[in-house]
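Me: Please take a close look at a single part of this model, the metal site, and describe how the chain builds it.

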Amino acid sequence: MRTTDRSFTAGLLPRFDASPSPYHAVANVASTLINAGYREIPESDEFPETPGSFLVRRGGSLVAWSTSVDTTSTTGYRIVGAHTDSPNLRVKPQPDTGAAGWRQLGVEIYGGALLNSWLDRDLGLAGRVVVRDGGSTRTLPFTDRRPILRIPQLAIHLDREISERGLLLNRQTHMVPVWAVGDRSSTFVDYLAEAIDVAASDVLSWDAMAFDIAPACVAGLDDDFLVSGRIDNLLSCFVAADALVGVGEGGPHVPMICLFDHEEVGSVSASGAAGTLLESTVARIGAALGGGIDELARAASSSVVVSADGAHATHPNYVDRHEKDHLVAVNGGPVLKINANQRYATDAESAAEFRLVCEDADVPLQEFVSRTDLACGSTIGPLTAGRLGMAVVDVGCPQLAMHSAREMAGSDDPEWFRDALGAFLFR
Ligand code: CO
């Protein structure tokens, strides 16, 4: 088995740090693609008839693809899908709150966050703000990397039940960050207005979320680990974008990536995987090449989608939570995820296709099934298969601490995954 020099993983670290929200992630991936010659098309514009490399953005989601002189309206696709969002804490519309002289910020829990992982951490704030612009509006990105928020854990002396019952956290009452004491005259809107340099009366609304400001790093005695917030699923997003850039205009199929927001909350939104973004983009590419509904179905029938998302590595302290004949190692290669009940979309044919891809790329491949007495997670894979009628295979890098504010993966797997996805996109 070939090894990696881990420089690819080192290069990912600043990209995690620069992507504290889905909007930031999409902006960063877009700039990677634009630097590689991709051209952004506003969704309100006509799609080009001429070949080239293009991207469209919708909120926290992005689709990018390349066509060549050989592409026709019946050419199939090789698509890598992933998600840009991660569980976190999101600022409420009336966030100014507090108790006992503390000033606090009201937050909603977004997705299936491991609540304990947000305690006693230095938290910054990031997202986007919509401001008044004459009679219209303008959306501005926003990032504050200072440790302005904290959720202090209750002292053990005041929580005598913790050693018998474990840590019990109420999502409404125990997860409210503190950010100041004393004077309450200035508000969150005042803070936000100052951060983006507009008048407070011009701040109309926001999508603002907390993030752990600790930088991503390579860790462990032998540098075996990648540690960061949002590994699920920015790792797949960055790897997919680099794989796409690496294949140029691609092979016999149209290489494409689609990075969706809102996977962690069920994907039903205008920009989520259950929305129209991918379907309408593929239909519009076909229409620009002169195709109709028949050509679209023919293209779909020869298309394959890799749904790229984090996979569970076997946790050494909880080996019994894993299927004993399908143990998964970090730095053991990408993981094929299989579930007979279609929580993952992999089937025998799509699995075989990906196995050949890994052989081509000289990349090791592992297999995951969950214990059949434990509920299995899911991905955008089954949704994409259902909406587009394309063959889908669920694959991802192994990781631990999924949905923690700070997750960990292996430092060899990202390069292998990139190479496997590159081979897939070129097939
Ligand atoms: Co995920």
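Reply: What follows describes the metal site and then the parts of the chain around it. The model is predicted, so local features need pLDDT of at least 70 and side-chain atom pairs count only at pLDDT 80 or more, whereas totals for chains, interfaces and linings use all residues. Residues are numbered from 1 along each chain as its sequence is written, and side-chain values use heavy atoms, with hydrogens and water left out.

The cobalt ion has as its protein donors His-83 (NE2), Asp-232 (OD) and, twice, Asp-309 (OD), at 2.0 to 2.7 Å; donors here are N, O and S atoms within 2.8 Å of the metal (3.2 Å for Na, K and Ca), and because water is not among the atoms, sites may look incomplete. The angles that the four donor atoms subtend run from 51 to 135°, which makes the arrangement irregular, given that four donors count as tetrahedral only if all angles lie between 85 and 135 degrees, and as square planar if opposite donors are over 155 degrees apart and all others between 65 and 115. Along the sequence, the donor residues follow the spacing H-x148-D-x76-D. Distant parts of the chain are linked by the pair Asp-232 and Asp-309, 77 residues apart, the former in helix α5 (residues 231-246) and the latter in the loop between β14 (304-308) and β15 (311-312); helices (H or I, at least four residues) and strands (E, at least two) are DSSP runs, numbered from the N terminus. Both Asp-232 and Asp-309 are buried, meaning under 20% relative accessible area with a 1.4 Å probe, protein chains only.

Methods
Four donors count as tetrahedral if all angles lie between 85 and 135 degrees; four count as square planar and six as octahedral if opposite donors are over 155 degrees apart and all others between 65 and 115; anything else is irregular. Buried means under 20% relative accessible area, exposed over 50%, partly exposed in between (1.4 Å probe, protein chains only).
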